[in-house]
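Here's a short set of exercises to work through with the model open on your screen. Try each task before you read its solution.

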Amino acid sequence: MKEYLTSYHHFLHGADYNPEQWIRYPGMLDEDIRFMKDAHCNVMSVGIFSWFILEPEEGKYDFAFMDQVVDKLSEHGIKIILATPSGARPRWLAERYPEVLRVSRDCRREKYGFRQNHCYTSPIYREKVANIDRRIAKRYQGNQNIILWHISNEYGGECHCGLCQQAFRTWLRDKYGNDLDRLNDAWWTGFWSHIVTDWQQIHSPTSIGEPDYVLPGLFMDWKEFITWQTTSFMREEIAAVKAVTPDIPVTTNFMGPYQHLDYHFMKRYVDVISWDSYPSWHSERGDIVEAYSIAFAHDLHRCFHHRPFLLMESTPSNTNWFDICKLKRPGMHKLSSIQAIAHGSDSVQYFQWRKGRGGLEKFHGAVIDHRGEAKGRVFQDVREVGLLLESIDEIAGSRTSAEVAVVYDYRNRWVLENASGFQNRDKKYKRTCINHYKEFWKRGMNVDVIGLDDDLERYGIVVFPMLYSVSKENIRRIEEYVAGGGTAIATYITGYVNEMDLCYLGGFPGGELKEVFGLAAEEIDTLYETDRNTVRFQNRVYGAVDYCELIVPTTAEAIAFYEDDFYAEKGAVFKNEYKRGTAYYIGFRDSGEFLAAFYDTVIRRSALKYYDLPYGVALHTRETKGREYFFLENYNKFDAVVKIPENIRNLETGKEMYDSIVVKGYDAVIGVRSVAGG
Ligand code: GAL
């Protein structure tokens with residue numbers, strides 16, 4: 001079955017288009033459209049930062065310029081993703097209504113400037129935004145060329161103004177049923193005499209008051225409130241446009257594993273998932289590490305709705321905001337674009353169409369540079385991707401199925417990173433999730449990256465890296481999953497606290513997890529950067545860094561052992577047969593090689609399909625009725641020979657490929673084969 005995201009049943013190829021910056025350059029629009037056609041672009045995101053032009057003064061509207069843009073794009077069959085302009089407000093709005101400006105962590109009201117920094121609570125901002133959104137929707141209602149709403153731009157950040165404090169208190173009253181005792185228990189306010197005796201005493205964590213880490217319960221509620229309040233703002237924008245154009249789906253551009261909002265909550269309110277991806281190819285950490293890190297983020301977005309997503313922004317060449325703004329090497333643009341498609345994207349879109357002449361982003365990569373011609377390496381790269389997407393269009397809308405999941409949970413990240421203890425500088429939650437993910441990635445296995453509330457039963461293996469915080473309800477769900485025959489893999493620092501950072505009493509991991517894993521983690525040794533321990537597993541020795549947990553098994557069998565220090569010979573990794581399933585517990589952080597050996601054993605023993613691929617080559621599949629699409633991606637500079645048992649037909653050349661396939665350096669091969677059913 002195919003699942004299309006919009007009424008346009010094709011891959012999207014296009015860019016953020018900001019012609020309002022060029023209003024004094026006549027002829028630009030026509031030239032752009034010619035170039036867009038030449039680049040095989042079929043969509044443009046417009047209006048993202050256009051508020052000043054649409055409402056130059058309060059209550060005075062001028063759609064003439066936007067009409068031209070919308071009409072011309074439509075005339076030429078270029079689809080439109082129409083934005084609500086709330087990401088950047090015009091000056092008059094801030095001057096007239098200072099409450100729309102944010103109050104920062106030091107409790108000072110900001111001045112006008114920058115973007116994406118308004119107060120999400122301000123009733124005036126909400127009203128003004130809903131008004132302009134509604135007017136835009138009415139103006140372009142009925143235009144069949146508009147296929148999607150782009151709601152605002154990269155929501156983020158927080159505001160500490162009086163309105164937000166009041167809204168936070170109301171939210172807390174609701175959460176705790178107006179019962180301060182419940183709040184005091186959840187925040188453990190007996191600590192340092194911090195008991196709350198009146199709702200009005202509550203204030204968000206700031207740099208001049210309560211820091212984040214003293215009352216982690218306050219911090220967690222504040223984080224959750226920010227997501228909730230941002231989502232409520234977004235929902236008002238969605239309601240404004242849906243009231244006029246109920247049939248046009250909505251998206252907002254997410255930012256990957258961005259740690260400030262819980263996208264697992266926000267995802268429920270948009271029709272289409274999209275995100276902005278900016279890999280740092282050719283950096284010191286190497287392209288292969290970059291490739292599986294970005295792969296992880298693509299899979300995270302695909303799993304928000306478990307269906308295709310859109311790559312809303314990427315750069316056709318370099319960014320202007322990395323420390324080092326390096327160019328993509330030949331081949332990398334196409335490979336990076338195919339990577340997104342391989343992981344379930346139905347688009348390749350760029351920031352931006354044309355480089356601005358001035359302003360912050362004038363040196364950010366764009367399809368058209370300051371020369372102003374449809375020429376040059378970057379333009380040709382973009383064109384090549386446009387042609388490629390047309391030639392593989394049958395893949396659009398196809399689905400991904402995975403038998404393995406890695407849990408990346410935003411709330412767990414907040415609570416873990418905020419906890420005082422272990423390694424305070426960087427607990428490396430995200431990196432740990434990615435390191436586990438990589439073991440499946442390099443074996444050509446599709447992986448779902450899911451939140452803790454997602455359904456677990458559909459997977460053969462679920463990995464829970466550093467699942468420090470887990471609610472009782474989720475403990476029960478993990479227990480049920482393993483009891484029912486699943487394989488769970490957990491690591492050090494699992495199940496220490498509940499969702500409010502209150503420690504589980506009776507030993508770690510909390511509740512039934514002790515039985516599921518058949519052990520108790522008694523202590524955890526945190527190592528200095530120069531410290532090393534070693535762990536023996538299947539007669540080989542592996543490095544241990546950062547964390548070594550001291551574990552006492554009950555029913556679990558130790559399968560790897562510490563070699564050094566006062567806990568030498570004690571178990572470091574355990575396996576427990578629990579009811580119909582199996583649970584593994586890895587008690588230490590690996591210095592780089594253990595996970596490969598461990599997953600080799602686990603995957604070989606499972607019935608899951610995997611491939612022996614050269615290092616740096618990835619294989620992903622998408623499927624639809626009766627067809628399976630293969631993406632072989634080579635992130636090495638040099639060619640790789642890949643042996644896969646399936647006979648597949650190269651979708652670009654039409655040639656059949658048997659047994660050995662050569663994938664050139666920084667290139668990809670896309671194939672298809674027929675499968676039964678689907
Ligand atoms: C994105 C943003 C764009 C542009 C881009 C530059 O985060 O949405 O408007 O600023 O970064 O890389």
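**Exercise 1. Which residue in E26 is the bridge partner of Glu633?**

Step 1. Look across from Glu633 into E26, and you land on Ala668 as its bridge partner. Keep in mind that you're working with a predicted model.

Step 2. Now try Glu628: its bridge partner in E26 is Arg673.

Step 3. Put those pairs in context. Strand E21 (residues 627–634) and E26 are joined by eight bridges and run antiparallel.

Step 4. Check E26 for another partner. Strand E23 (residues 648–650) also runs antiparallel to E26, with two bridges between them. Here Arg649 has Val672 in E26 as its bridge partner.

**Exercise 2. Work out the strand order of the sheet that holds E26, and find the helix that packs on it.**

Step 1. Reading across the open sheet of five strands, you get E20-E21-E26-E23-E24, with antiparallel pairing.

Step 2. Find the edges: strand E20 (617–624) and strand E24 (656–657) each pair on one side only.

Step 3. Look for the packing helix. That's helix H11 (residues 332–342), which touches E20, E21 and E26. The direction of H11 makes about 145° with that of E21.

Step 4. Is E26 largely enclosed or not? Strand E26 (residues 667–674) has eight residues and six of them are buried, so the rest of the structure largely encloses it. The cut-off for buried is under 20% relative accessible area.

**Exercise 3. Do the same for the sheet of eight strands.**

Step 1. This open sheet runs E7-E6-E5-E4-E3-E2-E1-E8, with parallel pairing.

Step 2. Its edge strands are strand E7 (310–313) and strand E8 (347–350), each paired on one side only.

Step 3. Check the turn from strand to strand: neighbours in this sheet are turned by 30° against each other on average, ignoring direction.

Step 4. Zoom in on one pair. Strand E1 (residues 12–17) and strand E2 (residues 43–46) run parallel and share four bridges. Within that pair, Gly14 stands opposite Val43 in E2.

Step 5. Add a helix: helix H12 (residues 376–391) lies across E1 and E8, at about 140° to E1.

**Exercise 4. List what surrounds the ligand, then pick out some polar distances.**

Step 1. Collect the residues around the ligand: Phe49, Arg115, Asn153, Glu154, Asp276, Tyr278, Glu313, Trp321, Phe351, Glu361 and His364.

Step 2. Go through the side-chain N or O atoms that sit by a ligand oxygen. For Glu361 the distance is 2.3 Å. For Glu313 it comes to 2.8 Å. For Asn153 it is 2.9 Å.

**Exercise 5. Why do H8 and H13 count as largely enclosed?**

Step 1. Size up H8 before anything else. Helix H8 (residues 216–244) has 29 residues and reaches 43 Å from its first C-alpha to its last, close to the 42 Å expected at 1.5 Å a residue.

Step 2. Count burial in H8: 22 of its 29 residues are buried, so the helix is largely enclosed by the rest of the structure.

Step 3. Turn to helix H13 (residues 410–418). Eight of its nine residues are buried, so H13 is largely enclosed too. The buried ones are Tyr410, Arg411, Asn412, Arg413, Trp414, Val415, Leu416 and Asn418.

Step 4. Ask what does the covering. The cover over the buried residues of H13 includes H8, helix H9 (263–266), helix H10 (287–305) and H14.

**Exercise 6. Are Gln165 and His436 buried or exposed?**

Step 1. Place Gln165: you'll find it in helix H6 (residues 162–175). Its relative accessibility is 3%, so Gln165 counts as buried.

Step 2. Find the contacts of Gln165. Skipping neighbours within four places in sequence, Gln165 is in contact with His160, Ile202, His203 and Ser204.

Step 3. Gauge a long separation. Gln165 and Ala366 are 201 residues apart along the chain, and their C-alpha atoms are separated by 41 Å.

Step 4. Move on to His436, which lies in helix H14 (residues 429–441). With a relative accessible area of 3%, His436 is buried.

Step 5. List what His436 touches, not counting residues up to four places away in sequence: Val463, Pro465, Thr491, Ile586, Leu595 and Tyr599.

How values were computed. Residues numbered from 1 in each chain as written. Predicted model: local features only at pLDDT ≥ 70, side-chain atom pairs only at ≥ 80, totals over all residues. Heavy atoms only, no water. Pairing = 2+ DSSP bridges. Axes fitted to C-alpha atoms, helices over the stretch in contact; angles between N-to-C directions. Contact = heavy atoms within 4.5 Å. Expected span 1.5 Å × (residues − 1). Buried < 20%, exposed > 50% of the residue type's maximum accessible area, 1.4 Å probe, protein only. Near = heavy atom within 4 Å. Polar contact = N/O pair within 3.5 Å; in protein donor to acceptor, adjacent residues only side chain to side chain.
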